[in-house]
Amino acid sequence: MGVLKLRNVFGKRSIYKRIIIYFLSLCLLTGILCTGIYREGFSIINHEISQVIKEKNHGNVNNIYNFCQQIRMMLYQFGGTEDVIDLIISQQGLKDKVDIRQTKEIQAIQESLSMVWKGNSMIEDVCLINPTTNLVITTGTFHYIQEEDEALLKYFQETQTSGNLFSYQGDMIIMSEYLLGEYYIYAKLTGYALEKGLLGNKGQSPEQCFLYNVREGESVGNTDDTVLEFLKDEGWKTAQEQPADKKGYLYYVSEIERSDYVSVTYYADREIYSSMNFYRAFYCLLLGLIVAGACFFSRWLYMILHRPMKVLLEGLEKVRNGDLDTVISVQRDDEFQEIYESFNSMTVRLKQLIEKNYRQEILLKKSELKQLQSQIAPHFLYNSFIVLSNRINAEDYEFAAEFSRELGQYFMFLTRNGREYIPLKEELEHAWSYARIQHVRFRNRLNLQLDELDENWKETLVPRLIVQPVFENVFKYVVGKSRDFVTIHMGFVYEEDAIRIIIENSGEITDEELSVIAGKLGKVDDEIHGMANIHQRLMLIYNGGGGVELGISQLGGLRVTLKLKKEIPEGELDVQNIISG
């Protein structure tokens with residue numbers, strides 16, 4: 001039942017054989033009729049269009065660069081005008097005042113600016129900014145420097161180089177500075193004129209061109225939002241060497257020297273592949289035949305494979321949900337019959353194994369808990385009665401009464417049945433009660449320190465007897481074997497869904513000793529049986545999310561950290577009910 005026989009794999013009714021035959025037939029038909037025709041035609045046209053796009057884009061880059069060079073030369077020529085120098089000299093000593101002489105000099109500068117403006121139809125305006133005279137002069141007016149003018153100068157000085165083409169607040173600007181920074185002159189370009197004059201977007205041409213500002217993420221010219229999305233976050237760099245084809249667009253990008261812009265030329269696939277209509281029609285017809293065949297194949301495959309597989313999956317889902325009485329009773333004459341029979345045998349065997357191992361696990365944990373309790377009780381009870389006897393003999397009856405009540409509460413907790421999980425505050429009270437009882441015995445050389453537990457964690461359910469055994473180890477192996485003064489501290493570290501209970505003591509422990517102790521956490525037959533038991537219980541209860549961690553305390557001795565989760569995993573409380581029962 002475990003392995004299908006070879007004759008069944010390739011037999012007359014083999015599902016595997018049928019799937020292979022149909023799959024190879026469809027692949028062969030698709031490969032011969034589609035790949036050879038459509039891909040070859042697409043490759044040829046794509047190469048030709050790519051060359052056209054590159055040539056078109058390179059032409060745009062040259063036009064824009066030459067155009068910017070022309071404007072730079074015009075600005076350089078204006079830079080030597082004597083009118084500006086005269087204005088600077090005549091304005092010295094005056095502040096926010098313009099007399100008749102300065103007005104004439106400003107008009108002369110405006111005429112010079114107008115000549116630059118009229119010299120090129122793609123210039124929207126030409127402006128001069130003179131920080132010395134506190135003036136801004138344009139082709140039609142002038143005013144004193146305002147905040148927006150200062151912001152432009154600051155942006156230019158921090159991010160640009162003289163003569164570069166850049167974008168500022170939606171405007172395309174070429175700015176130059178002259179006379180050791182005495183004044184600045186810049187030309188503001190017309191985006192519409194650039195689009196129609198330099199980029200060549202005229203009529204219904206299939207190709208479209210635009211400029212993209214890589215610094216600001218803005219475009220100048222007719223563009224498509226989809227193409228613009230490709231260029232963001234330096235995506236434009238992917239189309240510099242060769243045209244890129246994405247989401248129905250073929251596009252190419254070239255950088256423009258001395259500017260923040262790149263030139264982008266793109267075609268829509270629906271435009272550039274119109275010549276492939278014949279091939280596309282043939283391909284669509286073939287695709288229709290393939291789809292029809294695929295539908296038929298899918299229906300057939302559903303009947304022989306999917307439906308019986310669905311029956312199997314439903315059975316597995318029931319088993320996963322705990323229904324081990326599930327039986328598949330469908331009768332078939334192929335490999336699925338053997339699978340169904342194997343499934344039925346598996347569920348019967350699985351049910352037997354789970355019942356056996358589940359009971360063994362419960363008995364084991366129950367035994368470990370009882371063993372831990374028995375380890376704690378004898379020597380501790382003996383020492384406690386000696387202390388009690390001595391105090392009674394000393395006629396310290398008040399102490400003896402209080403000590404008796406402490407012992408009573410301690411042993412009542414140990415002998416209480418029916419609860420595997422208790423509130424954290426009760427577990428800590430029991431452990432601390434044990435520590436106080438031991439403190440009576442070692443009070444001359446013992447200091448106990450306890451941090452207060454956060455209110456949000458007091459009612460959190462935790463396993464019983466996970467803290468007290470840690471204290472027992474400290475008293476047994478540190479306090480009981482040392483004549484030095486020992487400090488024991490218990491604190492808490494809170495996380496979002498977990499708490500770490502830290503119990504540490506003073507003294508000395510080496511890394512080698514710590515390594516040996518830590519290596520024994522997974523064992524139960526040596527001297528740290530208590531902590532090993534706690535570690536295994538927490539690992540099982542919290543599915544690996546809890547456990548015991550060991551380290552060196554800031555006090556010098558051993559630090560034991562118990563990691564507990566905020567919630568007990570689903571199903572663990574049900575196990576407790578089974579144990580209690």
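Trainee: Which strand order does the open sheet with antiparallel pairing have?
Mentor: This is a predicted model, and one of its features is an open sheet of five strands. The pairing in this sheet is antiparallel, and the order is β8-β7-β11-β10-β9.

Trainee: Which strands of this sheet stand at the edges?
Mentor: An edge strand has a single partner strand, so one side of that strand is left without a neighbour in the sheet. The twist from one strand to the next averages 35°. The strands at the edges are β8 (218–220) and β9 (244–246).

Trainee: Which residue in β10 does alanine 244 stand opposite?
Mentor: Strand β9 is joined to β10 (residues 249–255) by three bridges, and the two strands run antiparallel. Opposite alanine 244, in β10, stands tyrosine 251.

Trainee: In the open sheet with mixed pairing, what is the order of the five strands?
Mentor: In this sheet, neighbouring strands are turned by 15° against each other on average, direction ignored. Its edges are β13 (446–450) and β17 (547–552), each with a single partner strand, so one side of each lacks a neighbour in the sheet. The order of the strands is β13-β15-β16-β18-β17.

Trainee: What is the bridge partner of leucine 446 in β15?
Mentor: Five bridges join β13 to β15 (residues 486–494), and these strands run parallel. In β15, the partner of leucine 446 is valine 486.

Trainee: Which helix lies across β13, β15, β16 and β18?
Mentor: The helix in question runs at about 165° to β13. Another helix, α14 (residues 511–519), packs on the sheet by touching β17 and β18, and its direction makes about 170° with that of β17. The helix across β13, β15, β16 (498–506) and β18 (556–565) is α12, residues 424–441.

Trainee: Are α12 and α13 roughly parallel or roughly antiparallel to each other?
Mentor: Two packed helices are described by the angle between their axes and the distance between the axes. The axes of α12 and α13 (residues 468–479) come within 9 Å and cross at roughly 20°. Angles under 35 degrees count as roughly parallel. The two helices, α12 and α13, are therefore roughly parallel.

Trainee: How many nonpolar residues does the contact of α12 with α13 have?
Mentor: From α12, the residues in this contact include Trp432 and Tyr434, and they meet residues of α13 that include Phe471 and Phe475. By class, the contact also has three polar and two charged residues. The number of nonpolar residues is six.

Trainee: Is the crossing of α11 and α12 left-handed or right-handed?
Mentor: The axes of α11 and α12 come within 10 Å and cross at roughly 140°. That angle makes α11 oblique to α12. As for handedness, α12 passes α13 in a right-handed crossing, whereas the crossing of α11 and α12 is left-handed.

Trainee: How many charged residues does the contact of α11 with α12 have?
Mentor: Among the residues making this contact are Phe399, Glu406 and Leu414 of α11, together with Glu426, Arg436 and Val440 of α12. By class, the contact has nine nonpolar and two polar residues. The number of charged residues is four.

Trainee: With which residue does glutamate 406 form a salt bridge?
Mentor: Side chains of opposite charge can pair when their charged atoms come close. Glutamate 406 lies in helix α11 (residues 397–415), and its partner lies in helix α12, 30 residues apart. The closest N and O atoms of the pair are 2.7 Å apart, and the partner is arginine 436.

Technical notes
Residues numbered from 1 in each chain as written. Predicted model: local features only at pLDDT ≥ 70, side-chain atom pairs only at ≥ 80, totals over all residues. Heavy atoms only, no water. Pairing = 2+ DSSP bridges. Helix = DSSP H or I, 4+ residues; strand = E, 2+ residues; numbered from the N terminus. Axes fitted to C-alpha atoms, helices over the stretch in contact; angles between N-to-C directions. Contact = heavy atoms within 4.5 Å. Parallel < 35°, antiparallel > 145°, perpendicular 65-115°, else oblique. Left-handed = near helix turned anticlockwise from the far one by under 90°. Nonpolar A, V, L, I, M, F, W, Y, C, P; charged D, E, K, R; others polar. Salt bridge = Lys/Arg side-chain N within 4 Å of Asp/Glu carboxyl O.
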